[in-house]
Amino acid sequence: MSIAILGAGLSGLSCAFQLEKYGITPIVFEKKGYIGDSSCTAGIYLNNLSRLFMNPFSYLNKKYKLELFPLNSLKRVTINSPSKKAVIQGKEGYIFQRGPKENSIENQIFKKIKTPINLSTLVTFDSIKNHFDYIVVATGDENIARELGVWEDTYNTYTRTAIIKGRFDKTSAMVWFNTEFCKSGFAFLIPESSKSANLGLVVNDITPREINYFWKQFLETQNLDYIITETKESKNGCGFINTKAMRDNNIYFVGNTGGFTDSFIGIGAINAIESGILAGEAIANKLSYNQLIKPMLDHNTKINEFRRLMNLLNNKDFDNIVNIIKLPLAKRMIYQNPILKASMLAPIVKYINE
């Protein structure tokens with residue numbers, strides 16, 4: 001059995017991890033010369049937006065024997081609208097390391113596998129599609145799926161992320177909603193340590209040259225004067241694979257490539273890991289991959305209703321929502337309720353959208 005994995009990110013490495021359990025060694029091609037993103041970033045996991053009812057790292061360890069560790073628990077989230085602010089405190093989620101550092105979750109997985117990674121190796125789908133029994137597409141973008149005509153867009157953005165220096169609470173994150181500098185997108189601050197954090201701006205439907213304007217608006221209106229040591233820009237697309245149109249049973253789309261990143265605020269690391277594992281499981285045991293991933297895709301479909309609603313909101317709407325979030329009853333019912341998940345409210349949001 002010959003298997004090619006295109007990409008050595010979270011989902012590609014996780015697929016190799018699972019295949020090794022069955023004595024299968026895939027061939028992994030990674031166009032970059034290293035594991036993980038080029039810059040050190042901090043990722044976030046929010047309990048209320050997840051479909052899981054337990055610690056995601058405990059879940060991966062218990063179900064798949066994949067032991068990973070976050071940087072910190074997320075205990076405080078500050079939500080900013082144009083003229084309002086709400087602070088949510090409790091067991092909100094987790095912050096984890098991404099990128100080339102040793103403790104990044106990419107490198108944590110990499111250390112657990114024996115499969116060699118062909119770094120600095122760029123191969124095209126067309127050049128290998130007839131030479132392998134199975135191909136796992138883990139490139140992190142939708143290009144191959146789009147070429148095959150099986151990709152459906154939900155939300156396209158351009159993002160600037162900066163590494164900033166200062167003094168930060170390692171368990172606290174911030175998010176901004178303001179159409180003046182992010183349209184229907186958002187901005188965020190996620191700490192990597194007590195002295196370093198990621199400051200990001202996600203703006204929908206703009207060209208790369210327009211990001212400078214929105215970035216300047218963001219920094220100036222919010223009076224942010226952090227020391228910036230590094231910036232990175234990227235085009236990001238969220239969407240879904242049309243599994244009904246996907247006729248090639250030997251092709252598996254995982255991670256963001258497979259539509260496992262939610263289009264609401266772009267959370268998808270745990271889904272990326274699990275999608276890679278399930279692709280390996282499907283290949284090794286000749287199972288239906290579409291059936292295995294259905295719960296994750298169904299959940300993302302529900303979360304997409306929140307994105308559809310957010311696309312319609314103006315700054316007054318954002319202020320009103322933050323005012324509601326500040327209410328003690330709302331905090332107890334939503335953010336301090338371990339049972340309530342955002343997906344449970346999706347039918348209501350869908351009704352509003354329609």
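Visitor: What does the side chain of Asp262 reach?

Guide: In this predicted model, the Asp262 side chain comes to 2.9 Å from the backbone nitrogen of Ile265. A polar contact needs N or O atoms within 3.5 Å, so 2.9 Å meets that limit.

Visitor: Where is Asp262 found?

Guide: Asp262 sits in the loop joining β13 (251-253) to α8 (269-285). Beyond its neighbours within four places in sequence, Asp262 is in contact with Cys238, Ile267, Asn300 and Ile303.

Visitor: How do you know that Asp262 has no salt bridge?

Guide: The nearest side chain of opposite charge is Arg307, 7.1 Å away. A salt bridge must be within 4 Å, so Arg307 does not qualify. Asp262 is buried all the same.

Visitor: What does Arg307 lie over?

Guide: Arg307 lies over the face of Tyr155, 3.9 Å from the ring centre. The distance limit for a charge over a ring is 6 Å, so 3.9 Å falls inside it.

Visitor: How do you know that Arg146 and Glu142 meet in a salt bridge?

Guide: Their N to O distance is 3.0 Å. The cut-off is 4 Å, so the pair counts. Glu142 is buried at 5% relative accessibility, while Arg146 is partly exposed at 38%. Both belong to a salt-bridge network with Asp153.

Visitor: How many salt bridges does the structure hold?

Guide: Eleven salt bridges. One of them joins Lys294 and Asp298, whose closest N and O atoms are 2.7 Å apart. Another joins Glu305 and Arg308, at 2.8 Å.

Visitor: Why are Lys294 and Asp298 separated by about one helical turn?

Guide: Because they are four residues apart in helix α9. Glu305 and Arg308 are three residues apart in α9, again about one turn.

Visitor: What makes Lys294 partly exposed?

Guide: Its relative accessible area is 41%. Partly exposed runs between 20% and 50%, so Lys294 fits. Asp298, at 32%, is partly exposed too. Arg308 is partly exposed at 33%, but Glu305 is buried at 9%.

Visitor: Why is the pair of Phe177 and Phe318 called stacked?

Guide: There are 15 aromatic pairs by the ring-centre rule. In this one, the centres are 5.7 Å apart and the planes stand at 20°. The limits are 6.5 Å for pairing and under 30 degrees for stacking, so the pair is stacked.

Visitor: What parts does this pair tie together?

Guide: Phe177 is in the loop between β9 (172-176) and α6 (179-182), and Phe318 is in helix α10 (residues 315-325). The pair therefore ties together parts 141 residues apart in sequence. Phe177 is buried at 14%, and Phe318 at 5%.

Visitor: Why is the pair of Phe264 and Phe306 called tilted?

Guide: The planes of Phe264 and Phe306 are 40° apart, with 5.8 Å centre to centre. Stacked is under 30 degrees and edge-to-face is over 60, so 40° leaves tilted. Phe264 lies in the loop between β13 and α8, Phe306 in helix α9, so parts 42 residues apart in sequence are tied together.

Visitor: What makes Asn80 buried?

Guide: Its relative accessible area is 9%. Buried means under 20%, so Asn80 qualifies. Asn80 lies in strand β4 (residues 72-80). Its contacts beyond four places in sequence include Lys85, Met174 and Phe177.

Terms used. Residues numbered from 1 in each chain as written. Predicted model: local features only at pLDDT ≥ 70, side-chain atom pairs only at ≥ 80, totals over all residues. Heavy atoms only, no water. Helix = DSSP H or I, 4+ residues; strand = E, 2+ residues; numbered from the N terminus. Buried < 20%, exposed > 50% of the residue type's maximum accessible area, 1.4 Å probe, protein only. Lys, Arg positive; Asp, Glu negative; His and termini not counted. Polar contact = N/O pair within 3.5 Å; in protein donor to acceptor, adjacent residues only side chain to side chain. Contact = heavy atoms within 4.5 Å. Phe/Tyr/Trp six-rings, centres within 6.5 Å; stacked < 30°, edge-to-face > 60°. Lys NZ or Arg CZ within 6 Å of the ring centre and 35° of its normal.
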